[in-house]
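Reader: Please take one loop and look at it closely, backbone first. Then work outwards to the chains and their contacts. Keep it brisk.

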Amino acid sequence: MSNSTKASLWVRYTSKSPVFVTVFSVVLGLVVGALVIIATSPVILHSWSQIFSSWGGIFHALKVTLDNVGAAYRSIFTGSIVDPPQFWHALTTGKDWAVALTPISETLTYTAPLLIASIGVGIAFQAGMFNIGANGQAVMGGIVGTAAGSMLHLPTAVHVPLTLLAGILGGVIAGIIPGLLKAFTGAHEVIITLMLNYVIAFFLIYTLLSTALQQPGQQNDVSRYLDPTAQLSPLFGAHSGLRVNWGIIIAGLVVAFAWWFLERSTLGFDFRVTGANPKTAQASGINAKVVIVLVFLISGGLAGLAGVVQVSSTTHFLDGGFLVGSAGIGFTAITVSLLGRNNPIGIIWGSLLFAALNVGGRVMQASTTIPLDLATIIQSVIVLFVATPVLVKEIFRLRVEHAEAVQLSVKGWS
Amino acid sequence: MKSMHLELRNITKRFGNFTANNKISLTVEPGQIHCLLGENGAGKSTLMNVLFGLLEPDEGEILIDGEPVKFANSGEAVRRGIGMVHQHFMLVPVFSVAENVVLGFEPTKSFGRLDLEKASNDIRRVSKEFGLEVDPDAIIEELSVGIQQRVEILKALNHDAQLLILDEPTAVLTPQEIDSLLEIMRSLTAAGKSILFITHKLKEVQAIADVITIIRLGEVVGTALPSDPETVLASKMVGREVNLTVAKDEVAQGDTVLEIRNLIVHDDRGIPVVNNVSLDIHGGEILALAGVQGNGQTELVEAIAGIRRVESGTITLGGKDITNNSPRQILDAGLGHIPEDRQSNGLVLSMSVADNMVLNTPRRAPFAKRGTRNLKAVDENAQTLVKNFDVRTTSTQAPLSSLSGGNQQKVIVARELSRPIAALVASQPTRGLDVGSIEYVHKQIVNERNSGRGVLIVSSELDEVFALGDRIAVMHNGKITGIVPPSTSRSDVGLLMAGVTEGSNE
Amino acid sequence: MSISEITSTAVQSIKRPVGRSRAIGTLTLLLGAFTTLIFGLGANSASKSNITFNPTNLIGVIPPHVGDLSVPSKASCLLLGLCIVAIGLETLLRRPVKGLMVRFGGSAVLFVVGLLIWTVRTPGPAPFGSINMTAVLVGSSPLVMVLVFGALSGVMCERAGVVNIAIEGQFIGGAFFGSMIASTTHNFILAALMGALIGALLGLLLSFLSLRYLSDQIIVGVVIVTMLASLSSYLNVQVLSPYPQYNTGDLAPKLAIPLLAKIPILGPVFFNQNGFFYLMIILVGVISFALFKTRYGLHVRAVGEHPKAAETVGIDVIKIRYFNVIVGGAIAGIGGVAFVASYGQFQPGCTSGLGYIALAALIFGKWRPSGAVVASIIFGVSVYLANNLQTYNVPVRSAILQTFPYLITIGVVAGLIGRVRAPAADGQPYKRD
């Protein structure tokens, strides 16, 4: 009797809290990632082909599998959070703290722009709009920000804010186009923003090859370097060896703004009403067109800020590969926002996790030759499960609440 | 002649903890019109969906000609000779009549090709047999509601239905169209078909039923004869003596507060559906706008509330021209609006009761200051309104979706009446509510009138129109066909609803 | 709650039916003015443009020689420009309700012809004095073909009420695995089957999550694309790089149809193609027939328009949606194979958003296979020209030229939504209650 009560309490607790669905989704994502490693790693496949050739074959195969998958995931962990021996070394000797803290510093460095862009996507989602163009907007922010940071020459106190503002402006320009088109023609923002991502990707190449932004004397697609006065400096000084920088402080401010905006501001209230029930929003006096344009303005501006933070804190210049493919912060931001259920606090955890996966993924790529793309695969699997909470509950035999409201939705064309 | 004997035995259907049907039994004899009478939400539609194979009963059985049957889906019910005319027509709007009628039972030629010619011929034959004129090649969305209903009936007949379920078929019809529907029903029973007629309208029941079964809160509460007086039927239906009238004192009429002049409004397709309408609503009066659904009332109200463009004409509220103003300007000018479809137009179900209470005034003091909301003031406001308007909720922070329909409507009423307004526009204010909530909402509306506000009620329920209206305006086909005192007879109002005005032979 | 409702309430209630024709008319007028001013007045009046029709680089069947067409550049461009202006004015003045897209499409074709005449004017900056129309059409045809596969996939899914935004992912999956099979077996039928299988599996994933668990179709679709993009990139590093024999880049052989392939101009375009091209044409016919003439098609369209009505007459809504999404996925998967079979090696990102353009082609084609073909031709030719016009020394940077197909897509989608009608239940989850 008491046993079953306990069980039901556990089940009730786990099924009530959406956090558990997220945690289980992460577990499932890692499992799928492990399967991908197994299926494509010749050593593991070879060991399994040998299981009938000797008595201990199956144990050997299991060991090889665990060793390889373990090595991959261990390198993700040690590369992004902490490497215990190094940490122990620093703790006991008081030396080499920089080495011990490098992984977490790298993760936070990567988190900053990702978090900012994800907040932008999340705000749009809360207003019922799918800004799948965050990546293009971030690139645009990078372009305009780089122009301001490399072609103007000002003292730091003015140059850094100006560069950041220029980045925001770039994102706003790229964001307001789909906003206006959606508001005034009713065009679906998903197709518009998807297409704009490609347009902006080509525009980046154009600016790097054919404009004054190109590094003088260069034939390749490389931009001018940001002035040191336009760069976000490391938090612990340039000599600390830690790259974590003012970007993470800016990201923190953005989160605080987003929390106030969504939970406390009247405009944020309008956004949420529009997202939850557009017809009611209209009837209660909210101007849908204005909201649509503002959503894309804010969302695009934040994506632009993310882009310029990335340049100003990490790369210091642009090249043709800026935010391309799986390195595209704007695409990861969509998955982060879904993972964090579009609320600022959830997005913090989501962006830390996905930043860690990407940073650790690089270390994994270097130490085990497993490509970084594994991180993106794991991320997309996680989000597929997060978008399907009922499936996760069925897999883990949690109590399924009937007629569960689907968390997020975007709708058809007309 | 084919015919069907249908019996339902102890049908029980539960949704979670809620029992929609509890041990319902009834029998329909061949050639009989069996009326299922009950309020909205009594469980009539659930029962019919069980019978039609759309829902599976938790207990009980269905017997056709004495033999127990089970329907896995409605296709099987149709094959056993059951046809259903749904309240919301199950017709594909972009398909032709013929395509709709044969859907699911298509005649085909070689390679699975549709034989629409055969379908058209079949339709012509059946429609001649029962006097249901329809053009098989017409596209559904271009047909009037009355004709669409004929297509639904034809669809059932074409599948050789012996038993027809008509689910609230008269809600969308004019009194004259209702007469013609009753005529069709009689000719069907004459041909040996039986009919299950679902309604909450007493007069129709008395006009046509052979047998009446009354259900309330998911249970059969008794049977009645068509000859029983209306009050007997009504009290059985709602479970207590009902007072169909609302107590109203004489109130002196004030100045015009809401003035509508020569208004023309288009629907989504650009067709004028409000055509040169002029109305005056005075302070201290209720003007009830009667009419069959879909004659422009919805668009008229939307235009007043500013959510639909006015093509020409003017709307004046308290002396201020509000024509084509934004909804917010109109709300601020003092219009209270209880929308027709509260869940999709008036509320945000996922948000809290407190937030819904300030949906129209989120920026007004004390609810916000310089762009920042004062959540404490918002909650205090909700606490007060929940108490004053008797909203049953666990908390002011509970999501609105956790409230019953009646309490959701009370939230809207509380919200609209708690802010300073000059006029109230209420569209179908009691649709889908239980009797207690109806009385409450009616009382609040009358209170508004008594305190000198002008009220415009739009309702397709004649009972409500007569109970509330100080004057009754009737709308047909986008025009006001007459404004009459509530002492006018129902049949005269019915004629106006059908567009028959003196001196016209429309 | 959905985004579509914002547009339907807010925009519809305020928009007037004539607004759209004004937008299209203005756009056409601008296009005409551009053609007249830049192409017409920008050309030397002594210049001539040669248009040739003889295919180049053809192996095997070669149609008889056709003479060149030489036109005065300036006069032709002026004439074309004024024609477009006339269409624009007519649209603005008469405000027609129907045939807007025909007018706009016609203007676009005139514009492209004007662009080509202007590009090859001699004397002029172009290194070649002529444009080869047949080569343009032959060169565009693989793109058009891939777009048609994608758009047909979309027709199958969306007619049944499911938005398949994962077409791009199905392209990638089909291209990757199809290329592997083609490289190892040198058999393109097996490759096509593999592509169909992969596409179908992705369709199954989309339909499983969106039909059974009511997940949002667009979100699931987008995530599937991300997943396939990263998976293919991962496998490219892990498998294709170390084992180049899995990615040999074999092209599918051209199968010339006797006699027909010899028809001048049209022969090389339509009758000297690889098997995927003919399969595409057959599929267009089969799907058109199936959707609009058969019992199956009536059921599909009913499910996409009014699923509840379909269910009340015993049609299994969920089953039809599963079937269509899986078959649609298979078609897109074959489209991916067709891509590598026409262009060679698989590269990560090689489909560069064609799946999304196919989606726009589907909308432009009003959810009809025939319309999708017309739209795919417009988009395919513009992608081809964007990639190849640079060789004619057009005074526009190649990176800017390459944005044009995407900009055209945006323009078309923005001009169109609200004009054309999607299946009423498109994108909406369906639940039996």
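Author: Helices are DSSP runs of H or I with at least four residues, strands are runs of E with at least two, and numbering starts at the N terminus. The model is predicted. Start with E168(B). This residue sits in the loop of chain B between strand β7 (163-167) and helix α6 (175-190). Its phi is positive, about 45°, and it is not a glycine. That deserves a remark. Most residues other than glycine have a negative phi. Is E168(B) buried or exposed? Its relative accessibility is 6%, so E168(B) counts as buried, since the limit is under 20%.

Follow the loop into α6 of chain B. T189(B) belongs to that helix. Its relative accessibility is 15%, so T189(B) is buried too. Set aside residues up to four places away in sequence. T189(B) then touches G31(B), Q32(B), I33(B) and I195(B).

Chain B has other backbone features to check. D65(B) lies in the loop that links β4 (59-64) to β5 (67-69). D65(B) is not a glycine, yet its phi is positive, near 50°. Next comes a peptide bond. A365(B) and P366(B) are joined in cis, with omega about 0°. Most peptide bonds are trans. P366(B) falls in the chain B loop between α12 (353-357) and β17 (368-369).

Now step back to chain B as a whole. Its secondary structure has 17 helices and 22 strands. The radius of gyration is 25 Å, and the globule rule gives 23 Å for 506 residues. The two values are close, so chain B is as compact as a globular protein of that length. Along the principal axes, its C-alpha atoms fill a box of roughly 70 × 55 × 50 Å. Of its 506 residues, 56% count as buried. Take the contacts in chain B with a separation of 6 or more. Residues 24 or more positions apart make up 67% of them.

Where does chain A meet chain B? One residue to inspect is T280(A), in helix α12 (residues 278-283) of chain A. T280(A) has a relative accessible area of 1%, so it is buried. Its contacts cross to chain B. They include Q343(B), S344(B), N345(B) and G346(B). L347(B), V348(B) and L359(B) are also touched by T280(A).

Chain A is built from 17 helices and 0 strands. Its radius of gyration is 23 Å, close to the 22 Å from the globule rule for 414 residues, so chain A is as compact as a globular protein of that length. The box around its C-alpha atoms is roughly 70 × 60 × 40 Å along the principal axes. Buried residues come to 57% of the 414 in chain A. Among its contacts with a separation of 6 or more, 71% join residues 24 or more positions apart.

Two residues show the inside of chain A. T111(A) is in helix α6 (residues 97-126) of that chain. It is buried, with a relative accessible area of 2%. Beyond its neighbours within four places, T111(A) is in contact with I248(A), S351(A), L352(A) and A355(A). I347(A) is in helix α15 (residues 344-368) of chain A. Its relative accessibility is 1%, so I347(A) is buried. With neighbours within four places left aside, its contacts include L115(A), S118(A), I119(A) and G122(A). V336(A), S337(A), G340(A) and N342(A) are in contact with I347(A) as well.

Finally, chain A also meets chain C. Two packed helices are described by the angle between their axes and the distance between the axes. Helix α2 (residues 18-40) of chain A and helix α8 (residues 217-240) of chain C have axes that come within 11 Å and cross at roughly 30°. Angles under 35 degrees count as roughly parallel, and α2(A) and α8(C) are therefore roughly parallel to each other. The crossing is right-handed. From α2(A) come V36(A), I37(A) and T40(A), and from α8(C) come L231(C), Y234(C), L235(C) and Q238(C). The residues of this contact divide into 5 nonpolar, 2 polar and no charged.

Definitions and conventions: Residues are numbered from 1 along each chain as its sequence is written. Chains are lettered from A and ligands numbered from 1 in the order in which they are written. This is a predicted model: local features need pLDDT of at least 70, side-chain atom pairs count only at pLDDT 80 or more; totals for chains, interfaces and linings use all residues. Side-chain values use heavy atoms; hydrogens and water are left out. Axes are lines fitted to C-alpha atoms, for helices over the stretch in contact, and angles run from 0 to 180 degrees between N-to-C directions. Angles under 35 degrees count as roughly parallel, over 145 as roughly antiparallel, 65 to 115 as roughly perpendicular and the rest as oblique. A crossing is left-handed if the near helix is turned anticlockwise from the far one by less than a right angle, and right-handed if clockwise. Contact means heavy atoms within 4.5 Å. Ala, Val, Leu, Ile, Met, Phe, Trp, Tyr, Cys and Pro count as nonpolar, Asp, Glu, Lys and Arg as charged, and the others, Gly among them, as polar. The radius of gyration is taken over C-alpha atoms; the globule rule is 2.2 Å times the number of residues to the power 0.38. Buried means under 20% relative accessible area, exposed over 50%, partly exposed in between (1.4 Å probe, protein chains only).
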